[in-house]
Amino acid sequence: MVMPLINTTKTAPIKLRLARDLVRTIKRGHPWVFADALRQTPAALPGSPAILFDNKKDRPIARGFYDVHSPLAFRVCTTDPAEPLDNAWASRQFARAAALRRMWFDEQTTAYRLFNGEGDSLPGLICDIYADTAVLQLDGDGPAAFWNASGIADWVAGALELKAVCLKPQSRQGDSGRALIGLLPIRPVTFLENGVRFQANLLEGQKTGFFLDQRDNRRLIGQVAAGRRVLNVFGYTGGFSVYAGLGGAGHVTTVDLAAPALQMAGQNWAINGLPPDNHLTVAADAFEFLAQAARQKKIWDLVIVDPPSFAPTKESVKKAIAAYQNLFASAATVTASDGLLAVASCSSHIDLPTFLTICEEGIAQARRRATLLSVGGQPADHPTPLPFSEFRYLKFGLMRVE
Ligand code: SAH
């Protein structure tokens with residue numbers, strides 16, 4: 001018997017009406033309606049199925065689910081109001097998402113994002129695959145109530161022949177995760193990415209254990225690292241470092257605040273057969289490390305800076321821009337003349353033009369000049385609806401610093 005993929009209720013869908021004319025953007029694929037754009041916000045359980053009506057003629061325009069307690073009140077599942085949100089609908093979306101990944105990945109890459117929430121018309125549902133283990137995450141109370149995690153685990157394990165599926169809470173207070181199929185992955189899981197071996201601690205690690213979203217940018221770093229001395233700041237478990245090492249870097253220094261992450265970085269270096277003497281891990285505050293390196297006039301031929309998000313909210317953007325700029329300036333200061341500097345931002349509130357301006361200002365602040373060699377972002381297993389730019393959070397730039 002097929003387990004339900006969504007927690008259907010027997011009650012009819014809630015009717016919601018738009019207070020503003022958002023019909024065009026919704027029809028084009030923007031999947032979010034905030035509470036202030038709804039005419040009424042009736043009481044209902046989080047995750048209740050709902051039909052959205054337009055603000056003029058009372059025509060139904062979308063189906064999705066509703067959370068009266070969240071500012072993000074309605075999430076669109078389909079813009080065909082006649083399409084029932086049932087198992088057939090969900091399994092169709094799952095199969096579409098899986099087919100998209102089969103376009104990109106072979107046995108050389110066994111870790112990838114299978115379901116990217118809104119980007120796969122599966123609002124709030126994340127599923128990352130690490131070899132024979134999957135990690136599910138549900139983004140908020142609405143998705144947690146709408147989606148049936150056990151049924152989804154069953155579907156994914158069956159479709160991909162996995163041994164284990166776990167549900168990882170978004171905030172790490174209290175429980176670290178729950179096994180839905182098989183055993184909880186308490187030990188590091190080994191997987192391949194572009195043929196590079198990695199281990200990740202899925203439960204204790206950040207996100208679902210690894211920053212899958214930097215895959216393409218890591219590959220780029222591997223291509224330009226030959227013969228260079230490399231500094232990887234905010235290096236986490238050494239993703240960029242290992243690619244640089246395999247790409248022929250002379251020496252790599254990985255800096256991060258988190259000692260357990262650095263330990264894993266050392267392990268990831270080792271399991272790829274790289275010489276231990278060519279890798280140094282430094283548990284330190286990145287800002288202090290860079291300031292001290294600048295004082296000591298240290299330089300590297302390739303510097304990578306991939307900080308956590310400085311702008312978690314819209315209100316924090318101004319401060320965040322200044323913080324990114326100062327950081328990129330410090331990084332440029334320790335970059336050799338005609339060396340390479342790679343910088344990233346994972347803040348959805350900083351768009352690409354703003355990011356490039358931050359790069360320009362930061363480089364100027366360091367009294368250097370730079371040539372932009374490549375601009376990157378999220379890889380193809382992190383799809384986004386075209387009108388939903390908020391979802392394209394990752395920006396990456398590779399520059400030659402003169
Ligand atoms: N580049 C990594 C991901 C980096 S995530 C990859 O590709 O896998 C951001 C990292 O910054 C985290 O590992 C976090 O521990 C670290 N971090 C956060 N604040 C820091 C600080 N002030 N100094 C050094 N590291 C910091």
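These exercises work through aromatic pairs, helix contacts, burial and backbone angles in a predicted model.

**Exercise 1. The aromatic pair of Phe115 and Trp155**

Classify the pair formed by Phe115 and Trp155 as stacked, edge-to-face or tilted.

Solution.
- Step 1. Start with what must be known: a pair of aromatic rings is described by the distance of the centres and the angle of the planes.
- Step 2. A search of the whole structure finds 24 aromatic pairs. For Phe115 and Trp155, the centres are 6.3 Å apart and the planes make an angle of 45°.
- Step 3. Apply the cut-offs. Centres must lie within 6.5 Å; planes under 30 degrees apart are stacked and over 60 edge-to-face. The angle of 45° fits neither class, so the pair is tilted.
- Step 4. Locate the partners. Phe115 is in strand E6 (residues 111-116) and Trp155 in helix H4 (residues 149-160). They are 40 residues apart, and the pair links distant parts of the chain.
- Step 5. Check burial. Phe115 has 0% relative accessibility, so Phe115 counts as buried.
- Step 6. Widen the view. Phe115 and Trp155 belong to one aromatic cluster, together with Phe65, Trp89, Phe94, Phe146 and Trp147.

**Exercise 2. A charge over a ring**

Which ring lies under the charged end of Arg17, and at what distance from its centre?

Solution.
- Step 1. Find the ring: it belongs to Phe53.
- Step 2. Read the distance: the charged end of Arg17 sits 5.0 Å from the centre of that ring.

**Exercise 3. Two helix crossings**

Describe the crossing of H8 with H9, then that of H5 with H6.

Solution for H8 and H9.
- Step 1. Helix H8 covers residues 286-295 and helix H9 residues 317-333. Their axes come within 9 Å and cross at roughly 40°.
- Step 2. The crossing of H8 past H9 is left-handed.
- Step 3. H8 contributes Phe287, Leu290 and Ala294 to the contact, while H9 contributes Leu327, Ser330, Ala331 and Thr333.
- Step 4. Sort the contact residues: 5 are nonpolar, 2 polar and no charged residue takes part.

Solution for H5 and H6.
- Step 1. Helix H5 covers residues 215-224 and helix H6 residues 239-246. The axes come within 7 Å and cross at roughly 35°.
- Step 2. This crossing of H5 and H6 is right-handed.
- Step 3. On the H5 side are Asn217, Arg218, Arg219, Ile221 and Gly222; they meet Gly239, Phe240, Tyr243 and Ala244 in H6.
- Step 4. Sort these residues: 4 nonpolar, 3 polar and 2 charged.

**Exercise 4. H6 and its surroundings**

How many residues of H6 are buried?

Solution.
- Step 1. Count: 7 of the 8 residues in H6 are buried, and the helix is mostly covered.
- Step 2. Name them: Gly239, Phe240, Ser241, Val242, Tyr243, Ala244 and Gly245.
- Step 3. Look for contacts from elsewhere. Asn232, in strand E13 (residues 229-233), touches Phe240 and Ser241. Other contacts of Asn232 include Thr253, Thr254, Val255 and Ile304.
- Step 4. Asn232 has 0% relative accessibility and therefore counts as buried.
- Step 5. Follow the chain past the helix. Just after H6, Gly248 has a positive phi of about 100°.

**Exercise 5. Buried or exposed?**

Assign Leu138 and Glu288 to a burial class.

Solution.
- Step 1. Leu138 is in strand E8 (residues 133-138). Its relative accessibility is 12%; buried means under 20%, so Leu138 is buried.
- Step 2. Beyond its neighbours within four places in sequence, Leu138 contacts several residues, among them Leu125, Pro143, Trp147 and Leu167.
- Step 3. Glu288 lies in helix H8. Its relative accessible area is 57%; exposed means over 50%, so Glu288 is exposed.
- Step 4. Add a distance. The C-alpha atoms of Glu288 and Ser337 are 22 Å apart, with their positions 49 residues apart in sequence.

**Exercise 6. Positive phi outside glycine**

What is the phi of Ala131, and what is that of Lys297?

Solution.
- Step 1. Recall the background: most residues other than glycine have a negative phi.
- Step 2. Ala131 has a positive phi of about 55°. Ala131 sits in the loop between strand E7 (125-130) and E8. At 29% relative accessibility, Ala131 is partly exposed.
- Step 3. Lys297 has a positive phi near 55°. Lys297 lies in the loop between H8 and strand E16 (300-305). Its relative accessibility is 70%, so Lys297 counts as exposed.

Terms used
Residues numbered from 1 in each chain as written. Predicted model: local features only at pLDDT ≥ 70, side-chain atom pairs only at ≥ 80, totals over all residues. Heavy atoms only, no water. Phe/Tyr/Trp six-rings, centres within 6.5 Å; stacked < 30°, edge-to-face > 60°. Helix = DSSP H or I, 4+ residues; strand = E, 2+ residues; numbered from the N terminus. Buried < 20%, exposed > 50% of the residue type's maximum accessible area, 1.4 Å probe, protein only. Lys NZ or Arg CZ within 6 Å of the ring centre and 35° of its normal. Axes fitted to C-alpha atoms, helices over the stretch in contact; angles between N-to-C directions. Left-handed = near helix turned anticlockwise from the far one by under 90°. Contact = heavy atoms within 4.5 Å. Nonpolar A, V, L, I, M, F, W, Y, C, P; charged D, E, K, R; others polar.
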